[in-house]
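Student: I would like to learn how to read a fold from its parts. Could you take me through one, feature by feature?

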Amino acid sequence: MSIEYKWATPDMIDLLVSTRIEVLRAANLLSENVDMSEVAAHSEAYYRDALSDATHTAILAFDGDALVGAGGVSYYRVMPTFHNPTGRCAYIMNMYVRPAYRRRGIATAMLDLLVADARRRGAGRIGLEATNMGRPLYEKYGFIRAEGEMELP
């Protein structure tokens, strides 16, 4: 098995959108019958804008011509803090490896590339939301649970 990792370009938006929908179906246990057309349309617009203004990078993993995994990182800035003087933040998302390719180091390799990109771009904080399946990978990588954050639903 020879996995090739490619940084996503605007001509790969269709692949990014289809993978995003695949990730959301898997993470939310949604059947193929659930209409995801609105999410797909907004995802396409997101990728088009975010790839062009460099507020998102994505990595795709291929086994030959077959797409087997994907991951992305969104960049944003908050007010500077003591722990993050630049205020630059990265949020890793959309990490996914197709079931037949899991436990082969693909997710770790993608995470290495995304974290390196975030560090290169000066992110003082790198966060993510972990599923139960992904949590062991992220903990092994060194991510810790963040305390003190809240969300208004």
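**Reading the core, a helix and two buried residues**

Tutor: Let us begin inside this predicted model. In the largest nonpolar core, which has 21 residues, the members that touch the most others are Ala90, Ile92, Met95, Ile106, Met110, Leu111 and Ile126. At least two residues of this core come from each of E2, E3, E4 and H3, and H3 gives the largest share, six residues.

Student: What general idea should I keep in mind when I look at such a core, and what is in the second, separate core?

Tutor: In soluble globular proteins, nonpolar side chains tend to be buried together. Here the second core, separate from the one just described, has 12 residues, among them Met12, Val17, Tyr47 and Ala58. Back in the largest core, Ile126 is a useful residue to follow: leaving aside neighbours within four places in sequence, isoleucine 126 is in contact with Ala90, Ile92, Val115, Ala118, Arg119 and Phe143.

Student: How should I read helix H3, and which of its residues are buried?

Tutor: An α-helix has 3.6 residues a turn, so residues three or four places apart point the same way. Helix H3 covers residues 106-120, 15 residues in all, and spans 21 Å from its first C-alpha to its last, close to the 21 Å expected at 1.5 Å a residue. Its buried residues are Ile106, Met110, Leu111, Leu114, Val115, Asp117 and Ala118. Because these cover an arc of only 155° around the axis, they lie on the same side of H3. The exposed residues Arg119 and Arg120 are carried on the face turned away from that buried side.

Student: Against which elements do the buried residues of H3 pack, and what phi does glycine 122 take just after the helix?

Tutor: The buried residues of H3 pack against the strands E1 (3-7), E2, E3 (66-77), E4 (88-97) and E5 (125-128), and also against helix H4 (135-141). Just after H3, glycine 122 has a positive phi of about 85°.

Student: Is histidine 56 buried or exposed, and what does its side chain join?

Tutor: For a polar residue it helps to look at accessibility and at partners together. Histidine 56 lies in strand E2, which covers residues 56-63, and with a relative accessible area of 3% it is under the 20% cut-off and so counts as buried. Its side chain makes a polar contact of 3.0 Å with the side chain of tyrosine 46. Neighbours within four places in sequence aside, histidine 56 is in contact with Tyr46, Tyr47, Ala50, Leu51, Gly72, Val73, Ser74 and Tyr75.

Student: Gly72 is in that list; where is glycine 72 found, and what is it in contact with?

Tutor: Glycine 72 is found in strand E3 and is buried, with a relative accessible area of 1%. With neighbours within four places in sequence left aside, its contacts are His56, Thr57, Ala58, Tyr91, Ile92, Met93, Asn94 and Leu114. Sequence and space can also be compared directly: glycine 72 and isoleucine 59 are 13 residues apart in sequence, and their C-alpha atoms are 6.1 Å apart.

Student: How many helices and strands does the whole chain have, and in what order do the elements run?

Tutor: The protein chain has four helices and five strands, which run β-α-α-β-β-β-α-β-α from the N terminus on. The radius of gyration is 16 Å, close to the 15 Å that the globule rule gives for 153 residues, so the chain is as compact as a globular protein of that length. Of its 153 residues, 36% count as buried, and among contacts between residues at least 6 apart in sequence, 60% join residues at least 24 apart.

Notes: Residues numbered from 1 in each chain as written. Predicted model: local features only at pLDDT ≥ 70, side-chain atom pairs only at ≥ 80, totals over all residues. Heavy atoms only, no water. Buried < 20%, exposed > 50% of the residue type's maximum accessible area, 1.4 Å probe, protein only. Polar contact = N/O pair within 3.5 Å; in protein donor to acceptor, adjacent residues only side chain to side chain. Contact = heavy atoms within 4.5 Å. Expected span 1.5 Å × (residues − 1). Arc of directions from axis to C-beta. Core = buried A, V, L, I, M, F, W, Y, C linked by side-chain atoms within 4.5 Å. Rg over C-alpha atoms; globule rule 2.2 N^0.38 Å.
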